[in-house]
Amino acid sequence: MSGEQIKITGTATALHEAFGSSIADPGQGIMTSRPYYGRFELDFGLKAGLKMVAADTPLGTCLQPDVVDAFEQTSQKAKAGSIEIRAVLIINPQNRLRRCCPEDTLIAFMCFHQKHHIHLSSDDIYAFSGFDPTERGTHPFTSVLWFEPQIDESLLHVTYGMVKNYAVPGLRIGALITHSKPLLKAVKSVTRFRNPSGPSVAIASATLYDRTWMRSFITLSRERVGEAYTYFSERLSPMGVTYLSRVNAGFLCLSISQSG
Ligand SMILES: Cc1ncc(COP(=O)(O)O)c(C=O)c1O
């Protein structure tokens, strides 16, 4: 993709709001699977007036290809309740489970979207946080933009932000990556109020232009996140604390309800 297909704003949050108000009208819905990042209700709801509609997807299966069946049912229920679904939002790697979306699930999502002709947006903010899995059953990170689209390209979008992978909370940069010219134009028209700051752009550019530094930072960061995961997970079971395994992209989800 080229730079012309990328629009930057200050933060991924600002971008989601601009994206939501560009593709939908107040009262319409953005569908996602459970569990999801709870701030989306604010990001899409506060200003754009959109409703987050969550498909009932159990932890164990919410990244499997047949999750689209739950999406199908949820979108019908939403329609019966007069909420028109305008887009599905996925988070890859999933920020609650810290698992990457398998390729066949991404393809199933695209087929679902092509059938319903609605937008598919993937929040790839944790894209480079994947570490080498020590547990079987994990999948490497694959972006929806990496393979032959099974969907009208103008309906396929990726959002990104630098705060997570580069460990820079406070760096105000979010990015929309899309083939859709009308969407880029719509987001551009409102970015006057969501511009990234000059220092954020300068730091982000310096980071991205120095490919050698950038690659070594990301490699080191992934190694350390993997080491931290192994360190904690190995100590949790002997303490009787259960945790969500098959994780390869970041923090640990614990259950402390049964312990002690
Ligand atoms: C999945 C996801 N998307 C977006 C954001 C927001 O990113 P930003 O700080 O760039 O607004 C977060 C922050 O935690 C997140 O977890």
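Let us begin in the loop between β2, residues 29-33, and α2, residues 40-45, which is the place of Pro 35. In this predicted model, the peptide bond that joins Arg 34 to Pro 35 is cis, with omega about -10°. A second cis peptide bond runs from Asn 92 to Pro 93, where omega is near -5°. Pro 93 belongs to the loop between β4, residues 85-91, and α4, residues 103-116.

I turn next to backbone angles. Thr 11 is not a glycine, yet its phi is positive, at about 75°. Thr 11 sits in the loop between β1, residues 6-9, and α1. Is this residue buried or exposed? Thr 11 counts as buried because it has 21 C-beta neighbours inside 10 Å. Ala 167 also has a positive phi, of about 50°, without being a glycine. The loop that holds Ala 167 is the one between β6 and β7. Here the setting is an exposed one, since Ala 167 has 11 other C-beta atoms within 10 Å.

Thr 11 brings us to the ligand. The residues around the ligand are Thr 11, Ala 12, Thr 13, Tyr 37, Ile 91, Asn 95, Asp 123, Ile 125, Gly 161, Val 163 and Gly 174. By class, this shell is made up of 5 nonpolar, 5 polar and 1 charged residues.

Ala 12, one of the residues around the ligand, is also part of helix α1, which covers residues 12-23. From its first C-alpha to its last, this helix of 12 residues reaches 16 Å, close to the 16 Å expected at 1.5 Å a residue. How many of the residues of α1 are buried? The number is 10 of the 12, so the helix is largely enclosed by the rest of the structure. Among the buried residues are Ala 12, Leu 15, His 16, Glu 17, Phe 19 and Ile 23.

Helix α6, residues 198-209, offers another case. Its 12 residues should span 16 Å at 1.5 Å a residue, and its end C-alpha atoms are indeed 16 Å apart. The number of buried residues in α6 is 0, so this helix lies largely in the open.

Now to the strands. Strand β6, residues 156-161, has 6 of its 6 residues buried, so it too is largely enclosed by the rest of the structure. Leu 156, Val 158 and Tyr 160 point one way from β6, while His 157, Thr 159 and Gly 161 point the other way. Gly 161 is also one of the residues around the ligand.

Which strands are joined to β6? Strand β5, residues 119-123, runs parallel to β6 and is joined to it by 4 bridges. Within this pairing, Leu 120 stands opposite Leu 156. Strand β7, residues 174-178, runs antiparallel to β6, and 5 bridges join the two. Thr 159 has Leu 176 of β7 as its bridge partner.

Finally, the nonpolar core. The largest one has 56 residues, and those with the most contacts inside it are Phe 71, Ala 87, Val 88, Phe 109, Leu 120 and Tyr 160. Two of these names have already appeared: Leu 120 as the residue opposite Leu 156, and Tyr 160 as a buried residue of β6. What does Phe 109 touch, leaving aside residues up to four places away in sequence? Phe 109 touches Val 68, Val 88, Ile 90 and Leu 120.

Terms used. Residues are numbered from 1 along each chain as its sequence is written. This is a predicted model: local features need pLDDT of at least 70, side-chain atom pairs count only at pLDDT 80 or more; totals for chains, interfaces and linings use all residues. A nonpolar core is a set of buried Ala, Val, Leu, Ile, Met, Phe, Trp, Tyr and Cys residues joined through C-beta atoms within 7 Å. A residue is buried if 20 or more other C-beta atoms lie within 10 Å of its own, exposed if 12 or fewer, and partly exposed in between; C-beta atoms are placed from the backbone. Two residues are in contact if their C-beta atoms, placed from the backbone, lie within 7 Å. The expected span of a helix is 1.5 Å times one less than its number of residues. A residue is near a molecule or strand if its C-beta atom, placed from the backbone, lies within 6 Å of it. Ala, Val, Leu, Ile, Met, Phe, Trp, Tyr, Cys and Pro count as nonpolar, Asp, Glu, Lys and Arg as charged, and the others, Gly among them, as polar. Two strands pair if DSSP finds at least two bridges between them.
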